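Work through the exercises below with the model open beside you. Try each task before reading its solution.

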Amino acid sequence: MEKVKFTPNKPKDAGLEARQKLGWWHAYRFLILRRLSQLSIIAMFLSGPYLNLWILKGNYSASVLFDRIPLTDPLMASESLATGYLPEITTIVGALIIIAFYALIATKAFCSWVCPMNMVTDAAAWLRRKLGIRQSAKISRHLRYAILAMILVGSAISGSLLWEWINPVAALGRVFLFGVGATVWLLAIIFLFDLLVVEHGWCGHLCPIGATYALIGAKSLIKVNVVNRSNCDRCMDCYNVCPEPQVLRLPLHGSEQDSPIVLSKDCITCGRCIDVCPENVFAFGSRFEKQIAVKTQ
């Protein structure tokens, strides 16, 4: 029997086939929902200063929801503990709330559904595809975990919260409140780094916040599942839009013994592979679906 030859789509056309076959909403639904989520959180921060309606007070490093529920960035809390100083009880409680939430819900959901930097890096990735920029410097995706370790060790040695001096997530949050200042240069550097130097460079290789949430959500419940592996026609659209394309290889193209669930802690649960797939190969599901299916056979 003659093998069928598949022709991959061009990166700049990622999602075009899904839009033609399944409609505009299908091709962009999770992207739109993520943007609404990110912008809604920004609006909750801004509601206090502009409308005197305090929903979220503070910033992405530490905030209070409805003046009652503390929320703390786990990395900042870890830095504080590393310095040898015990944070206030509300800071610890806020970190535990965030850890429990993201450990239960989905891998790196903060990165794709909450973090405002995601809009910057997604814009760079989109422009990179449209301009046909394919060259990319090679750096290890494990570097972010080394940076995370260095931040904690550096905080312990210096006695200060090292990351908070340059944290681009907190800096971008301040832009919405205080306007664009020196922060614009930091954002421009990250945007240009992703666009011209390393594909998905910041989120996929360097960001220690993403590394923190990867470790927290490694065993979380919601995962991307390959539900129709045989339908894959190797159009490559999912690889072209995924900020962590290496996580798709085994679930999508592995053997029957390999799990069809994207279990890698580096998946950001953004749903773009689901959006752009014209063959409905992917779907959100549980990390336990394969085991359940086996037990019920």
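Helices are DSSP runs of H or I with at least four residues, numbered from the N terminus. The model is predicted.

**Exercise 1. Locate Glu164 and find what Glu164 touches.**

Step 1. Find the helices on either side. Glu164 sits in the loop between α7 (143–158) and α8 (168–178).

Step 2. Set aside neighbours within four places in sequence. Glu164 then contacts Ser61, Asp73, Met76 and Glu79.

Step 3. Look at Ser61. The side chains of Glu164 and Ser61 are joined by a polar contact of 3.0 Å.

**Exercise 2. Work out the strand order of the open three-stranded sheet, and say which strands stand at its edges.**

Step 1. Read the order. The sheet runs β1-β2-β3, and the pairing is antiparallel.

Step 2. Count partners. β1 (56–58) and β3 (69–72) each have a single partner strand, so these two are the edges and one side of each lacks a neighbour in the sheet.

Step 3. Check the twist. On average, neighbouring strands are turned by 25° against each other, direction ignored.

Step 4. Zoom in on one pair. β1 joins β2 (residues 62–65) over three bridges, in the antiparallel sense. Gly58 has Ser63 in β2 as its bridge partner.

**Exercise 3. Trace the salt bridges of Arg29 and Arg34, and decide how far apart in sequence the joined parts are.**

Step 1. Recall the principle. Side chains of opposite charge can pair when their charged atoms come close. The structure holds 11 salt bridges.

Step 2. Take Arg29. Its side chain meets that of Asp275 at 3.9 Å, N to O. Arg29 is in α2 (residues 24–51) and Asp275 in α14 (residues 272–276), so the pair ties together parts 246 residues apart in sequence.

Step 3. Compare burial. Arg29 is partly exposed because its relative accessibility is 22%. Asp275, at 0%, counts as buried.

Step 4. Take Arg34. Its salt bridge is with Asp122, with the closest N and O atoms 2.8 Å apart. Asp122 lies in α6 (residues 117–131) and Arg34 in α2, so parts 88 residues apart in sequence are tied together. Arg34 is buried, at 1%.

**Exercise 4. Which residues are linked with Arg144 in a network of salt bridges?**

Step 1. Start with one pair. Arg144 and Glu244 meet through their side chains at 2.7 Å, N to O.

Step 2. Place the pair. Arg144 is in α7, and Glu244 is in the loop between α12 (237–241) and α13 (249–253), 100 residues apart. Both Arg144 and Glu244 are buried.

Step 3. Extend the network. Lys108, Arg141, Glu244 and Asp266 are linked with Arg144 by salt bridges.

Technical notes: Residues numbered from 1 in each chain as written. Predicted model: local features only at pLDDT ≥ 70, side-chain atom pairs only at ≥ 80, totals over all residues. Heavy atoms only, no water. Pairing = 2+ DSSP bridges. Axes fitted to C-alpha atoms, helices over the stretch in contact; angles between N-to-C directions. Polar contact = N/O pair within 3.5 Å; in protein donor to acceptor, adjacent residues only side chain to side chain. Contact = heavy atoms within 4.5 Å. Salt bridge = Lys/Arg side-chain N within 4 Å of Asp/Glu carboxyl O. Buried < 20%, exposed > 50% of the residue type's maximum accessible area, 1.4 Å probe, protein only.
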